[in-house]
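Thank you for making room for this on the agenda. I would like to take you through one model at an unhurried pace, so please have the display in view before I begin.

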Amino acid sequence: DFPMAVLFSRYFSWSVTKQLIPGPGVVGDLVAINIHRGRDHGLPPYVKFRDFFDVSNDSIPADVMTELLNLYANVRDVDLYVGGLLEKPEDGAHVGPTFSHILAEGFR
């Protein structure tokens, strides 16, 4: 559970990961909701986006990737939301290269 702990502490306060008030259609925490949204909308996995934008394989630290593979059977199964948030942020940015490219495309 190391990658999720890193993800939670890096981007989310305890209140949005553990105390999001459940309601109709709410899974229970923001990370789970966003992963579910990506799957519902049929988003390709993280590596498809990483490959499309030609992002290097070392954008997620090796120790984090090792632990991530304890949660996912194959690197090709990692959800975009999870993989994108676990990337090392680019210099002067809050997100890694894959999300930087996605954001740039959205603004273009």
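Which residues of H3 are buried? In this model, which I should say at once is a predicted one, the buried residues of that helix are Val31, Ile33, Asn34, Ile35 and Gly38. I start there since H3 will come back when we reach the pocket and again when we reach the core.

Let me first give the overall picture. The protein has seven helices and zero strands, and the order from the N terminus on is therefore simply α-α-α-α-α-α-α, reading a helix as any DSSP run of H or I with at least four residues. Of its 108 residues, 37% count as buried. If we take the contacts with a separation of 6 or more, 57% of them are between residues 24 or more positions apart.

Staying with H3 for a moment, valine 31 lies in that helix and has a relative accessible area of 3%, which means that this valine is buried, the limit being under 20%. Valine 31 and phenylalanine 12 are separated by 19 residues in sequence, and their C-alpha atoms are 8.6 Å apart in space. Just after H3 comes glycine 42, whose phi is positive, at about 70 degrees.

Now to the largest pocket, which holds about 200 Å³ of space. Its lining is made up of 14 residues, and those nearest the centre of the pocket are Asn34, Gly38, Leu43, Leu80 and Tyr81. Helix H3, residues 30-40, and helix H6, residues 80-86, each supply at least two residues of that lining, with H3 giving the most, namely five residues. For those of you thinking about the chemistry of the lining, the residues divide into eight nonpolar, two polar and four charged.

I turn next to the largest nonpolar core, which has 21 residues, and in which the residues with the most contacts are Tyr46, Ile60, Leu68, Val78, Tyr81, Val82 and Leu86. The elements giving two or more residues to this core are H3, helix H4 (46-52), helix H5 (62-68) and H6, and of these H6 gives the most, with five residues. Tyr81 therefore appears twice in this account, being listed among the residues nearest the centre of the pocket and among those with the most contacts inside the core, where membership requires a buried residue. As for Ile60, if we set aside residues up to four places away in sequence, the residues it touches are Tyr46, Met65, Gly83, Leu86 and Glu87.

Two aspartates make a useful contrast here. Is aspartate 79 buried or exposed? Aspartate 79, in the loop between H5 and H6, has a relative accessibility of 11% and therefore counts as buried. Its side chain is joined to that of tyrosine 72 by a polar contact of 2.7 Å, and, leaving aside neighbours within four places in sequence, aspartate 79 is in contact with Ile35, Arg39, Tyr46 and Tyr72. Aspartate 54, by comparison, is found in the loop between H4 and H5, where a relative accessible area of 69% means that it is exposed, the limit being over 50%. The phi of aspartate 54 is also positive, near 55 degrees, although the residue is not a glycine; as background, most residues other than glycine have a negative phi.

Finally, I come to helix H7, residues 97-107, in which Pro97, Thr98, Phe99 and Ser100 are buried. What covers the buried residues of H7 includes H4 and H6. Threonine 98 has a relative accessible area of 0%, and, not counting residues up to four places away in sequence, it touches Tyr46, Phe49, Arg50, Phe53, Val55, Leu80 and Glu87. Histidine 101, which also lies in H7, counts as partly exposed at 33% relative accessibility. With the same exclusion of residues up to four places away, histidine 101 touches Phe53 and Val55, while the C-alpha atoms of histidine 101 and arginine 50 are 9.3 Å apart, the two residues being 51 apart in sequence.

That is where I will stop, and I am happy to go back to any part of the display.

Methods. Residues numbered from 1 in each chain as written. Predicted model: local features only at pLDDT ≥ 70, side-chain atom pairs only at ≥ 80, totals over all residues. Heavy atoms only, no water. 1 Å grid on protein atoms, 1.4 Å probe; cavity = no way out; pocket = protein on both sides within 12 Å on 5 of 7 lines; lining within 4 Å. Points joined across faces, edges and corners; volume = space filled by probe spheres on them. Nonpolar A, V, L, I, M, F, W, Y, C, P; charged D, E, K, R; others polar. Core = buried A, V, L, I, M, F, W, Y, C linked by side-chain atoms within 4.5 Å. Buried < 20%, exposed > 50% of the residue type's maximum accessible area, 1.4 Å probe, protein only. Contact = heavy atoms within 4.5 Å. Polar contact = N/O pair within 3.5 Å; in protein donor to acceptor, adjacent residues only side chain to side chain.
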